[in-house]
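Here is a short tour of one protein model, written for someone who would rather look at side chains than at tables. Have the structure open as you read.

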Amino acid sequence: MFRHQFLHNPEHALQCLDAWQRAYPESFYPHWISCFYWFMWGEQYRGNAWAVDVDDSHWRCARETQKQLFAHAMQAFQRSEQASVVCVHLLQSVIKLNMPSWWREWHIKQRSFHLQHKIRSEDLSLAQRSGLHPHLKIDLPERIPCYLQNKQQSDEVEAPLFWLKIYAQQCQYALGLCRIYCQFLLPQWGHDLTEIIEFCDSDYCQDFSELAKNTLAFVAWFAEIEQYYTAEQQTDIRRS
């Protein structure tokens, strides 16, 4: 429902999200859905192609959406510990786009600064598809949300797994998010299949049952057999 509205009528969607935030300023929900909006458009710009096949304009627009995603996520964290659900979007975003360049200075050094969109003239048409424009406000809190202040450990906050850790501490059982993480440890994202197996044996998965761990390991196993079987055979394997 949201995806269709966000893709086909972004201007109206942004107006509704803004009105929702103003009507319920203490609620984290409108910021959560705003995270989904900007995450979804970041995915649209980045796509699922190999990194070398994504042109510079799409890369730049994807990274501009990430500014909004992070700002709304921090606003959500300020309002409720339940906002850990936004980690699902943050994890996937940083796996595909890396941590934003300003994150370390804002989070670790705790420096307040005015974050702005930097959209080149040649990217304006593409950016406007999602409602991005140079003067769109980025409402980043002046300080780190209290919920995140005690969770920083040196460079750990710059790694994708930081968001998995935040999510797992709140939700306790994060198998679904772990599986998403494993999907991005595949070779097409610049990793090696052995990293998935190593992750299954790590502390992040220590409380999982053998069945749950096998669910994660299946990602590596299936990626390996994809090289040798037709699409029809792969469907049969999934069903078995």
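The report below covers a pair of helices and then a set of salt bridges.

## About the model

Please keep in mind that this is a predicted model. The values below are computed from its atoms.

## Two helices side by side

Start with helix α5, residues 87-97, and helix α10, residues 175-183. Their axes come within 10 Å and cross at roughly 10°. Angles under 35 degrees count as roughly parallel, and α5 and α10 are therefore roughly parallel to each other.

Which residues make the contact? On the α5 side they are V88, L91, Q92 and I95, and α10 brings L177, I180 and Y181. Sorted by class, the contact of α5 with α10 has 6 nonpolar residues and 1 polar residue, with no charged residues.

## A salt bridge across the chain

Now turn to the charged side chains, where the count comes to 6 salt bridges. One of the pairs is R60 with D123, whose side chains meet at 2.7 Å, N to O. This salt bridge links distant parts of the chain, with the two partners 63 residues apart. R60 sits in helix α4 (residues 56-79), while D123 lies in the loop between α6 (103-107) and α7 (124-128).

How buried or exposed are the two partners? R60 has a relative accessible area of 24% and is partly exposed. For D123 the relative accessible area is 2%, and D123 is buried. The cut-off for buried is under 20%, so D123 falls below it with its 2%, whereas R60 at 24% does not.

## A network around R60 and D123

The side chains of E122 and R120 also form a salt bridge, at 3.7 Å, N to O. Both ends are partly exposed: E122 has a relative accessible area of 49%, and R120 has 45% relative accessibility. Salt bridges with shared partners join R60, R120, E122 and D123 into one network. If you are viewing the model, try showing these four side chains together.

## A pair within helix α4

Helix α4 also holds a salt bridge between K67 and E64. Their side chains meet at 3.2 Å, N to O. The two residues are 3 residues apart, about one turn of the helix.

Are these two charged residues buried or exposed? K67 and E64 are both buried.

Technical notes. Residues numbered from 1 in each chain as written. Predicted model: local features only at pLDDT ≥ 70, side-chain atom pairs only at ≥ 80, totals over all residues. Heavy atoms only, no water. Axes fitted to C-alpha atoms, helices over the stretch in contact; angles between N-to-C directions. Helix = DSSP H or I, 4+ residues; strand = E, 2+ residues; numbered from the N terminus. Parallel < 35°, antiparallel > 145°, perpendicular 65-115°, else oblique. Contact = heavy atoms within 4.5 Å. Nonpolar A, V, L, I, M, F, W, Y, C, P; charged D, E, K, R; others polar. Buried < 20%, exposed > 50% of the residue type's maximum accessible area, 1.4 Å probe, protein only.
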